[in-house]
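Here are a few short exercises to work through with the structure on your screen. Try each task before reading its solution.

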Amino acid sequence: MPTLSSKYYPVRKILFFLGEGLLISASVLMILVLVSGWEIFVVAPAEYLLRAGTVTLTFQLSLYFYDLYDLGKAGTSGETVIRMMQAFGVGCIILGFLYFLFPSIIISTTIFLRCYLIISLTLLAWRSLYHVILKNKLFAREIVIVGTGETAERIVQEMRSNLETGFAIKALIGATAPTFEHADLPVFPSLTELAETRHLTRIDYIIVALDDQRRTMPISELLRNKLQGAVIDNGISFYELIAGKILVEKVNPAWLIFSRGFNYSRITYLIKRSLDLSLALCGLIISLPVSLTTALLIKLESPGPVLYKQERVGERGKVFSILKFRSMRQDAEINGAVWARENDARVTKIGGFIRKVRIDEIPQMWNVIRGQMSFVGPRPERPVFVERLVQKLPYYSLRHSAKPGITGWAQICYPYGASEEDALRKLEYDLYYIKHLSIFIDLLIIFRTIKTVLFQKGSR
């Protein structure tokens, strides 16, 4: 399976992305050659390739920031067209800025308009084809799920909600009826009976998703299929692969102990710390005008300090004081600590705005410089909530094995949570991050955070 630093990417999605880049480049090169002629292209190929590459990189980056590479969720064709035009509009503005800085890569307006038209039509056709492939589950690897309980249900739900997993469920195996809706999936009492039907020509990939494996594991059938060439995978590991999170409620200590991950080298630690310091110092300098303006507005709107200090639990359970711009009234917690809520009445007008664009988190860069936090890591929680969550949620204390972060895998994958149920769902992502901690994932999270901030998602 194609992975990059333990992050799984379906083959279809990789080919789709590369194919789209190739189509954009080919469209630009085709128009340039048709207008200028083959002779110039032969004399100066690097110049043509640079121009095509600039357009390709800019347009694909714009498509990414408009979530147009998140094709796992079904959407209307009209919505896709509108978002594509918006993305290309932003791309044109960026290209205009690049052409101003580097005149040598300029494409004339007449030629560019032709390129724009061809690119738009080509990409719409390409994406329509890809949607047909996803909808009909073409080129997907067929899997059989052994289990009809909660673990199997979570896998089925994830695959139903995400069309891009690269897998297609062909059957469920279980002695009892599934506890969830399965009208579109046939159920067989055993792997042997499935093999005797014509439903599958070959059982190639089996996912063992049993809630109680000690009592119901069909060992002889699994061994026979394994010897016949089938791949056997654990349901929790498979769920981690396709969902990017760990099924905390079903994980046992043995899986955590023997599973790969949950460790990173000294080199990774040093690179991560260097990255933290560089980003924090640059961030504080660049954001200085915004910070001064924010401080003034907070002071003018309501009485109280500009900065807000609050105890949080950090690495190895150590408590530290986190710094944030104050976004609530000074008496916000006069009756004790409570979860933040949607449309919280305690939030001031300025506070609501700086939370929305995450300006309130700028002072946390001082915590990063002091070594109390990292730029990327699990969200630091308050001691009063941690004490409660450690008692109720399995493995919650494991999230303190890494430094807390300003942003993190849970923050970009799950909306802002304000309950114990939300804490459990975010823990699934936090443990996945800790298990696969690497510089690549940190850079991926930072990049996606920039997109999240620009489009104001997930803040409260």
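**Exercise 1.** Find the residue in β5 that stands opposite leucine 172.

*Solution.* This is a predicted model, so begin with the strands themselves.
- Leucine 172 stands opposite valine 187 in β5.
- Step back to the strands: β4 and β5 (residues 187-188) pair in the parallel sense, over two bridges.

**Exercise 2.** Follow the chain into β4 and work out which strand pairs with β4 over six bridges.

*Solution.*
- The strand is β3, and its pairing with β4 is parallel.
- For one contact, take glutamate 142, whose bridge partner in β4 is alanine 168.
- Between the two strands the chain passes through helix α6 (residues 150-161), giving a right-handed β-α-β crossover.

**Exercise 3.** Decide whether strand β4 is largely enclosed or open.

*Solution.*
- Count the residues under 20% relative accessible area, the cut-off for buried.
- In β4 (residues 167-173), six of the seven residues are buried, so the strand is largely enclosed by the rest of the structure.

**Exercise 4.** Compare phenylalanine 139 and phenylalanine 262: which class of exposure does each fall in?

*Solution.*
- Locate them: phenylalanine 139 is in the loop between α5 (109-135) and β3 (141-146), while phenylalanine 262 is in the loop between α11 (253-258) and α12 (266-286).
- Exposed requires over 50%; phenylalanine 139, at 68%, is therefore exposed.
- Phenylalanine 262 has 29% relative accessibility, so it counts as partly exposed.
- Now check the backbone: phi is near 60° in phenylalanine 139 and near 60° in phenylalanine 262. Most residues other than glycine have a negative phi.

Key. Residues are numbered from 1 along each chain as its sequence is written. This is a predicted model: local features need pLDDT of at least 70, side-chain atom pairs count only at pLDDT 80 or more; totals for chains, interfaces and linings use all residues. Side-chain values use heavy atoms; hydrogens and water are left out. Helices (H or I, at least four residues) and strands (E, at least two) are DSSP runs, numbered from the N terminus. Buried means under 20% relative accessible area, exposed over 50%, partly exposed in between (1.4 Å probe, protein chains only). Two strands pair if DSSP finds at least two bridges between them. A crossover is right-handed if, with the strands pointing away from the viewer, the path from the first strand over the helix to the second runs clockwise.
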